[in-house]
Amino acid sequence: MTRGFFEAFGHDPEGIWAAPGRLNIIGEFTDYNDGFVLPMAIEAVTTAAVARRHDDVIRVSSSGAPATTTPIASSRICNLTPGNTASWSSYAFGVVWAMTEAGHAIGGVDVFIESNVPIGAGLSSSAALECALGLALRDLFASTISLQDLALLCQRAENAYVGVASGIMDQTASLCCTAGHAIEFDTRSGEIEQVNFDLSAAGLELLVIDTQVHHQLATSAYGDRRSACELAAKAIGVKALRDATLADLDKIPDDVVRRRARHVITENERVLSVAALLRSKRFIEVGPILSAGHQSLKDDFEVSCAELDLAVDTATHAGAFGARMIGGGFGGCVIALIRSEDQRTIERSVTAAFASDGFTPPRIFGALPSPGAHRVM
Ligand code: GLA
């Protein structure tokens, strides 16, 4: 990491910061409906090695930067303009832009990014990048920003600078999660509760099945579902679907919009049920709720795909307590709650099922609740 920084910029970094990807246990598409989510941090992280400069220039490089093009992207901070979405470096520029726009005196920096968070897998690789750099800039220039305010600034970078209309879950999870816990996060009030989720002590783990499928549809569908939720809230007469109940569904004339709303309403209930089960350490009972969540994402929210469904069905038949797709949908990962000792058997079954249906072999690994963003050096 320090070597990559030195090779790019010819001097050493002042420090290195790491921010993890996240895995959402339950609470999909609830964050932009003022609802509840229950994510945890994963072990994979994005790291940002950073050194301050004496001017207002930001230079960004990465071990993943293509060698054939300019390996360093740079800009004066005063010239940063939203909508500059040409490459991954815009996520870094966006963070500097958002912090500056909020009135923080961010100076020039050299930044070197490295990551082992799978990209496009629904594990929040973009939030991990934003949060690693955001935490570095906070420590170097604006130490009074709280982690939750920093999450909002990183979200603003993604929404307004990069132009992706994501909710607040990913950045909050990456910054605020702690090892051995999930966070129960009320996206309306901002309230966060660390909920014990010491899976390994119970001989359990979450198996992550990365289908390696990335459908183009995901971005347009995300906006489309978001609009449907706003329409539903309007039809019911509430500020957001967080305030609606199943009895309100009759007020929505359109069948598709009604099903979108039903997913959000039932999903919020699932988050609260799972959080209650975790508090009483009844981990195994979480399984069927995950599976019910998947069914709802498949039938009501319609964001699943054949590979995700196959992973869920096969893992469940092979012994998982429950499974569901996570993240934005149309590809990415499934999580399955399993006994650690069953990992090999379930892996083999899922791999065999993918081969027999002619799908790309999935990448499968276990995940435990890991530390949130922190300074490494
Ligand atoms: C993406 C967004 C999140 C959230 C999820 C769906 O990961 O970035 O804010 O909306 O989709 O739950």
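The paragraphs below go through a predicted model, from its strands to its ligand and then to a helix and some single residues. Local features need a pLDDT of at least 70 and side-chain atom pairs count only at pLDDT 80 or more, whereas totals for chains, interfaces and linings use all residues. Residues are numbered from 1 along each chain as its sequence is written, and side-chain values use heavy atoms, with hydrogens and water left out.

Start with strand β3, residues 57-62. Helices (H or I, at least four residues) and strands (E, at least two) are DSSP runs, numbered from the N terminus. Five of the six residues of β3 are buried, so the strand is largely enclosed by the rest of the structure. Here buried means under 20% relative accessible area, exposed means over 50%, and partly exposed lies in between (1.4 Å probe, protein chains only).

Which strands pair with β3? One is β4, residues 72-76, which pairs with β3 in the antiparallel sense over five bridges. Another is β5, residues 109-115, where the pairing with β3 is parallel, over five bridges. Two strands count as paired if DSSP finds at least two bridges between them. Individual residues can be matched across these pairs: valine 57 stands opposite arginine 76 in β4, and arginine 59 has aspartate 110 in β5 as its bridge partner.

Next comes the ligand. The residues that surround the ligand are Arg22, Glu28, Phe29, Asp31, Tyr32, Ser166, Gly167, Met169, Asp170, Tyr222 and Gly328; a residue is near a molecule if one of its heavy atoms lies within 4 Å of it. This shell divides into four nonpolar, three polar and four charged residues. In that division, Ala, Val, Leu, Ile, Met, Phe, Trp, Tyr, Cys and Pro count as nonpolar, Asp, Glu, Lys and Arg as charged, and the others, Gly among them, as polar.

Three side chains place an N or O atom at a listed distance from a ligand oxygen atom: glutamate 28 at 2.7 Å, aspartate 170 at 2.6 Å and tyrosine 222 at 2.5 Å. A polar contact is a pair of N or O atoms within 3.5 Å; within protein, one must be able to donate a hydrogen and the other to accept it, and residues adjacent in sequence count only if both atoms are side-chain atoms. On its own the ligand has 310 Å² of accessible area, and the protein covers 92% of it. Such areas come from the Shrake-Rupley method with a 1.4 Å probe, and for residues only the protein chains shown count as cover.

Aspartate 31, one of the residues around the ligand, also meets threonine 187. Threonine 187 sits in the loop between β6 (181-186) and β7 (192-196) and counts as buried, at 14% relative accessibility. Its side chain reaches the backbone oxygen of aspartate 31 at 3.4 Å, and a polar atom of that side chain lies 2.7 Å from the backbone oxygen of glycine 35.

Helix α7 covers residues 255-279. How far apart are its end C-alpha atoms? They are 36 Å apart, which agrees with the 36 Å that its 25 residues should span at 1.5 Å a residue; the expected span is 1.5 Å times one less than the number of residues. Aspartate 254 caps the N-terminal end of α7, with a side-chain oxygen 3.0 Å from the backbone nitrogen of valine 256. Just after the helix, lysine 281 takes a positive phi of about 55°.

Finally, glycine 94 lies in helix α2, residues 89-101, and is buried at 0% relative accessibility.
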